[in-house]
Structures are given as structure tokens and as C-alpha cells.
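Biologist: I'd like a close look at one part of this model, with the empty space in it as the focus. Could you walk me through it in plain words and give the cut-offs as you go?

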Amino acid sequence: MRRETGHGDLHPPEAFLGVCARLEEAGFQAWAVGGAIRDALMGRDRADWDLATDARPPQVRGLFPRTVPLGVEHGTVGVIAVDGRMYEVTTFRRDVETDGRHAVVAFADSVDEDLARRDFTINAIAWRPGTDELRDPFGGRDALRAGRLQAVGEAGDRFAEDYLRVLRGLRFAGRLALEIEPATRAALEEAVPGLDRLSAERVREEIAKSLGGPGAGDILRLYAEAGALRHWLPELDDAMREDPRAAESVAAVDEIPPHRGLLRLVRWLLALPRGSAPEGEAADGAPVEAILRRLKFANAEIRTVRRLWEAYLPFLHPADSDARLREWLSEVGREHARDVFRLHFALARARAARESERALLHTWRRVHAELVGGAPVSLSDLAVNGGDLLELGLPAGPLVGLMLEELHARVLEDPSSNDRETLLAEARELIEIGALDGLEEE
């Protein structure tokens, strides 16, 4: 572990130190607080550094030429430093009233008051670059050394102030490999019912943070162990408790890069049972959509997640023909094919199934060759369109779509037939023999 103080050991950005120096020169205190201090003491690099100060928001804005009023009513001003980054500068605060969801705060005069309202001791450490003083009134450094997550003060009070701290605590424990101190663990589990008082947006953002960094699988397992999924994600709570296959899906989450948070979410949701879909047929993604709407995900995200969840199975076999590969691409969509493979690769790696991974790689190379080669996997890839069929005399209506689908099926079987004259000739033949008769009503 690095030394506990010193510019060179904590590695703050030079521009951040410049913001601190400007506040100090003006007669104010400037303390680095939050996750950056915690991570620096653990030897972890972090880009975002936050400041706490006794300066009030108007005074902060008066000291710097470029500021953003991020939450002036709560004391937070964004200062854009010489490196182009924005650093959050927040006036010391103390809680006046809390209801488990929102807090009424007042400005405070000391950094110790500010630290006293923090959630966990590892987050209640402050460093003042101007004097090289490190403030740790609640033993956060000792907790880090011991690998322990402990609430500041009375644990039950901390969770009752903001029930989101239940999920935050599980995130810190899983990501930083910390053991939750017994009294804190008991208070956390006792506070779980309070999660239903939170807004969907806050829960969604916290889950996104958990999925978007290291240790995601451990965090999800802690969610289940603590019962933290019961209100917002009861379907996943049931699956993770009752279905042994769910453990593999959770383990596979860590095999997907953290920056692909939405794909990690899909991998986790694949722990859900796929209903009563017949073997070889795709499952209905309605339960997935219900979960995402409950958490108020954006419509575009819901469509993507549901589509990937549904497209996961049925999957390809290494012995499938090229025509079957093109048919699968047509069903899944070229825009989703790569991600569906990523989901399968993640599970194979979680299982350490080398043979399966090699088979997947072989199949992916074949699929990729079809994609690069411009395989006509969608109706829009056909060399003819609905207007061409109308000119042949086909009546406007559903028969046009049926004819295009029939031609597309033939092209998937033989891509070389995707030629305008060839397809028009096939269409004429189908019209002449009445091949589509009776299909309009089906």
C-alpha cells in the first residue's frame, strides 16, 4: 500500500491541485474527498477527484473563470480546470433531515462535519493538499487495511438516512473485495425492505454502476444473498435462489468487458427461466421487458436488451450449413449477431469450456465471413423490391411481402441468385403457378 499522504503517493491530477491551491490562496480550505482518496490509499488509479470546501457556491464561482452550477442549492459547483476536466467542488454539508430517500442539508463549517454524514468509513477520509493533512476520524484507513466495510457511526441510522446505501454497500464490498462488518451487515439486511421507497431511476443507476466495473459477478451474488433483489427484481431473486444454472450466468457477466454494461445486463438476465418455449424456438422476452420498464430504462435500451435475450437461443451448431448461418443472421439481424456470440463466449469462458470456446470461434469466423462478404441477410438486401413486384402485376397488399419473403428464402439458400433479372424471373414463375394462392389468409 502506498504511503497515506503526499502528492506523489496519492497521484492527484496537477490541474486538480491547481483548483485546491486557488481556493487556499483565497483563504478557504480545500479537501480532496470521496472515492478518489479511498482508491488512492488502496493503490488504485482514479480519474475523477472531488473537493469539499468551506467556501460557499457564489464564492467558488467567483474564483474560477469557468464553472457549471451542478447543484448550487446543494452546494456543488463544477469547476473546469486548465486540463479541460470538470472537478466537483462542494461546500461542507451536514444533514438536517432525512427520510430514507432524500436529505435536507445545511452548509457546515468543518470537514469533520462533512465526513460525519458519509456512508462508510472508507469513504469518510479527506486529504488537504495545501497542508498535506489527512483527516480520518472514523478509522477508514484501518478498515481498508483490514479489508472491512463498516458504516460511519450507527449503521442502522446510516441506512435509514438513505436506503440506496444498501446497494452501494454491496457494490463496495463486491468491487473492493471487502468483508462487511457484522453490525453493518445486520443493519444492511434489516434495511432491505426500505429499497421499495427509492425511485426506479436511482436503483437503475446503482445497478448500472455495479455492472459497469470490476467485481460485477460478486456484487450480483451479494445482492441475492442479502435479499436486495426482492422488491425491484423478484424474478431474478427467484432464479438466483432456485436455479443452479443462474450461477453460471452470473459468473459469465465478468467475462464481458465492463464498458459493455448493457450486454452485461443481458447476460445477467439470461439467468431468468425461458418459459415454456418449445425446444428449438425462441423464448418470449416479455418478462425481461417488464423488468426494464419497472426500472425505467430507455425504450431503445429495452428493445436492444429484449432482442438479444430472445436471440440468444436457439443458437448455431458448428456443423450447420452456410445456408443455415445466413438464415440465422436473417433471424437475429446483422446488428445483433456479434453481441449474441459475445454472450455465448462469456458463458463458455465462465465454464472454462475450451472445446466449446473453440467451436464458437470456428462458427463465428464462418458467420463473420458471411457478414464481410455482404450476405443478403435482410429483405433490404434483395436486388428487387416491392415496386418491382407491382410492375409485374402482383396486386398491392400482403402478397407483395409474402413474395419478397419467398425470394429472400431462396437467396439465403443461394446468394448468387440475388440478381435482379434472376429474381424477377422467379417471381414471374411463382405468380404464374399461383404459388402464393391461399397464403394471404394464413
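What volume does the largest pocket have, and which residues that line it are the closest to its centre?

Modeller: A word on the model before the pocket. This is a predicted model, where local features need pLDDT of at least 70 and side-chain atom pairs count only at pLDDT 80 or more, while totals for chains, interfaces and linings use all residues. Residues are numbered from 1 along each chain as its sequence is written, and side-chain values use heavy atoms, with hydrogens and water left out.

Now your pocket. The largest pocket has a volume of about 1700 Å³. It is lined by 49 residues, and Arg-93, Arg-117, Arg-118, Arg-168 and Lys-209 are the closest to its centre. On a 1 Å grid over the protein atoms alone, a pocket is an open set of points with protein on both sides within 12 Å along at least five of seven lines, a cavity is a set of points where a 1.4 Å probe fits but cannot get out, and a lining residue has an atom within 4 Å of a point. Points are joined across faces, edges and corners, and the volume is the space filled by probe spheres set on them.

Sorted by class, the lining of the largest pocket has 25 charged, 14 nonpolar and ten polar residues. Here Asp, Glu, Lys and Arg count as charged, Ala, Val, Leu, Ile, Met, Phe, Trp, Tyr, Cys and Pro as nonpolar, and the others, Gly among them, as polar. Helix 8 gives the largest share of this lining, six residues. The elements that each supply at least two residues include helix 3 (35-41), helix 8 (164-175) and helix 10 (200-211), as well as strand 5 (86-91) and strand 6 (93-98). Helices (H or I, at least four residues) and strands (E, at least two) are DSSP runs, numbered from the N terminus.

Next comes the second largest pocket, with about 380 Å³ of space. Of its 16 lining residues, Arg-245, Leu-270, Arg-274, Tyr-312 and Leu-313 are the closest to its centre. Helix 13 (245-253) and helix 18 each supply at least two residues of that lining, and helix 13 gives the most, with four. By class, this lining has eight nonpolar, six charged and two polar residues. Leu-313 has another feature to look at: its peptide bond to Pro-314 is cis, with omega near -5°. Pro-314 sits in the loop between helix 16 (299-311) and helix 17 (322-332).

Then there is the closed-off space. The count comes to two cavities of 30 Å³ or more. The largest cavity has a volume of about 50 Å³, and among the residues lining it are Leu-167, Ile-207, Tyr-223, Trp-232 and Leu-233. Its lining has nine nonpolar residues, with no polar and no charged ones. The second largest cavity holds about 40 Å³. Ile-207 and Leu-233 turn up in its lining too, along with Leu-236, Leu-265, Trp-268, Leu-269, Ile-291, Leu-292, Leu-295 and Phe-297. Helix 14 (261-269) and helix 15 (286-294) are the elements that give two or more residues to this second lining, and helix 14 has the largest share, three residues. By class, the lining comprises ten nonpolar residues, no polar and no charged.

Two of those residues lead us to the core. The largest nonpolar core has 113 residues, and Trp-268 and Leu-269 are among those with the most contacts inside it, together with Leu-23, Trp-49 and Trp-328. A nonpolar core is a set of buried Ala, Val, Leu, Ile, Met, Phe, Trp, Tyr and Cys residues joined through side-chain atoms within 4.5 Å; buried means under 20% relative accessible area, exposed over 50% and partly exposed in between (1.4 Å probe, protein chains only). Leaving aside neighbours within four places in sequence, Leu-269 is in contact (heavy atoms within 4.5 Å) with Leu-236, Val-288, Ile-291, Leu-292, Val-305 and Trp-309.

One last stop is Lys-296, in the loop between helix 15 and helix 16. Lys-296 has a positive phi of about 60° although it is not a glycine, and at 49% relative accessibility it counts as partly exposed.
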